[in-house]
Amino acid sequence: MENVDVKMRNVVFFDGVCHLCNGFVDAVITRDPQHRFLFAPLQGSTAEALLPAQDRVNLDTVIYYESGRIYHRSAAVLKILSGLGGVYGLSRLGWIIPGFIRDSLYKLIAKNRYSWFGQRDFCRLPTPSERSYLLP
């Protein structure tokens, strides 16, 4: 897979079978009319091409790829939300909270996400309007 164009884009990697993760993807797509973000499952070929192996086996985090830099957990969420602009720009205030505190809460939610929100048997299938956002 050629990723020359993808490497220049903002890519959100997510657990393709997690309901919470898919809900987050749906929410960002809905609030991203300027098409700033692309999305790819951690289980997919785009993740294989752009992420180190340890990031692809650890499905308990959202990973955000921006201009060759990789963000994990709460840092990824804050970068994504602030990238949406508007009222979501207020998420920049989250950087005030020390990373170990933000990530502790993130890890608690990630650890329980399947039991609290459910799990799919397969990765999400995009609607026709979402296809331009999703990568393999």
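Me: Buried means under 20% relative accessible area. In this predicted model, is threonine 61 buried or exposed?
Reply: Threonine 61 sits in the loop that joins α3 (53-57) to β3. Its relative accessible area is 3%. That value falls under the 20% cut-off, so threonine 61 is buried.

Me: Which backbone nitrogen does the side chain of threonine 61 reach?
Reply: Beyond four places in sequence, threonine 61 touches Phe13, Leu42, His72, Arg73 and Tyr106. One of these partners, Arg73, supplies the backbone atom. At 2.8 Å, the side chain of threonine 61 reaches the backbone nitrogen of arginine 73.

Me: What is the sign of phi in arginine 73?
Reply: Arginine 73 belongs to helix α4 and is partly exposed, at 22% relative accessibility. Most residues other than glycine have a negative phi. Arginine 73 departs from this, for its phi, near 50 degrees, is positive.

Me: In which loop is serine 67 found?
Reply: Serine 67 is not a glycine, yet it has a positive phi of about 50 degrees. With 61% relative accessibility, serine 67 counts as exposed, since the cut-off for that class is over 50%. Its place is the loop between β3 and β4.

Me: How far apart are the end C-alpha atoms of α4?
Reply: Helix α4 covers residues 73-84. Its twelve residues, at 1.5 Å a residue, should span 16 Å. The model agrees with this expectation, because the end C-alpha atoms of α4 are separated by 17 Å.

Me: Against which elements do the buried residues of α4 pack?
Reply: The buried residues of α4 are Ser74, Ala75, Ala76, Val77, Leu78, Ile80, Ser82 and Leu84. After the helix comes glycine 85, with a positive phi near 75 degrees. The elements that the buried residues of α4 pack against are β1 (10-14), α1 (19-30), β2 (37-41), β3 (63-66), β4 (69-72) and α5.

Me: Are α4 and α5 roughly parallel or roughly perpendicular to each other?
Reply: Two packed helices are described by the angle between their axes and the distance between the axes. For α4 and α5 (residues 99-117), the axes come within 7 Å and cross at roughly 100 degrees. The range from 65 to 115 degrees counts as roughly perpendicular. The two helices α4 and α5 are therefore roughly perpendicular.

Me: How many residues of the contact of α4 with α5 are charged?
Reply: On the α4 side the contact involves Arg73, Ser74, Ala75, Val77 and Leu78, and on the α5 side Arg102, Asp103, Tyr106 and Lys107. Of these residues, four are nonpolar and one is polar. The number of charged residues is four.

Me: What is the distance in space, C-alpha to C-alpha, of leucine 78 and glycine 94?
Reply: Leucine 78 lies in helix α4 and is buried, with a relative accessible area of 10%. Leaving out residues up to four places away in sequence, its contacts are Ser91, Gly94, Trp95 and Arg102. Although leucine 78 and glycine 94 are 16 residues apart in sequence, their C-alpha distance is 6.9 Å.

Me: Which residues in α5 meet His19, Leu20 and Cys21 in α1?
Reply: The axes of α1 and α5 come within 8 Å and cross at roughly 95 degrees, so these two helices are roughly perpendicular to each other. His19, Leu20 and Cys21 form the α1 side of the contact, and the α5 side consists of Ile109, Arg113 and Phe117.

Me: With which side chain does the side chain of serine 132 make a polar contact?
Reply: Serine 132 is in the segment after α5 and is partly exposed, with a relative accessible area of 48%. Beyond its neighbours within four places in sequence, it is in contact with His35 and Leu38. Its C-alpha atom is 8.9 Å from that of histidine 35, although the two residues are 97 residues apart along the chain. The polar contact, at 3.2 Å, is made with the side chain of histidine 35.

Me: What separates the C-alpha atoms of glutamine 34 and leucine 84?
Reply: Glutamine 34 is in the loop between α1 and β2 and is exposed, with a relative accessible area of 56%. Its side chain makes a polar contact with the side chain of arginine 36, at 3.0 Å. Glutamine 34 and leucine 84 are 50 residues apart along the chain, and their C-alpha atoms are separated by 9.0 Å.

Notes: Residues are numbered from 1 along each chain as its sequence is written. This is a predicted model: local features need pLDDT of at least 70, side-chain atom pairs count only at pLDDT 80 or more; totals for chains, interfaces and linings use all residues. Side-chain values use heavy atoms; hydrogens and water are left out. Axes are lines fitted to C-alpha atoms, for helices over the stretch in contact, and angles run from 0 to 180 degrees between N-to-C directions. Helices (H or I, at least four residues) and strands (E, at least two) are DSSP runs, numbered from the N terminus. Angles under 35 degrees count as roughly parallel, over 145 as roughly antiparallel, 65 to 115 as roughly perpendicular and the rest as oblique. Contact means heavy atoms within 4.5 Å. Ala, Val, Leu, Ile, Met, Phe, Trp, Tyr, Cys and Pro count as nonpolar, Asp, Glu, Lys and Arg as charged, and the others, Gly among them, as polar. The expected span of a helix is 1.5 Å times one less than its number of residues. Buried means under 20% relative accessible area, exposed over 50%, partly exposed in between (1.4 Å probe, protein chains only). A polar contact is a pair of N or O atoms within 3.5 Å; within protein, one must be able to donate a hydrogen and the other to accept it, and residues adjacent in sequence count only if both atoms are side-chain atoms.
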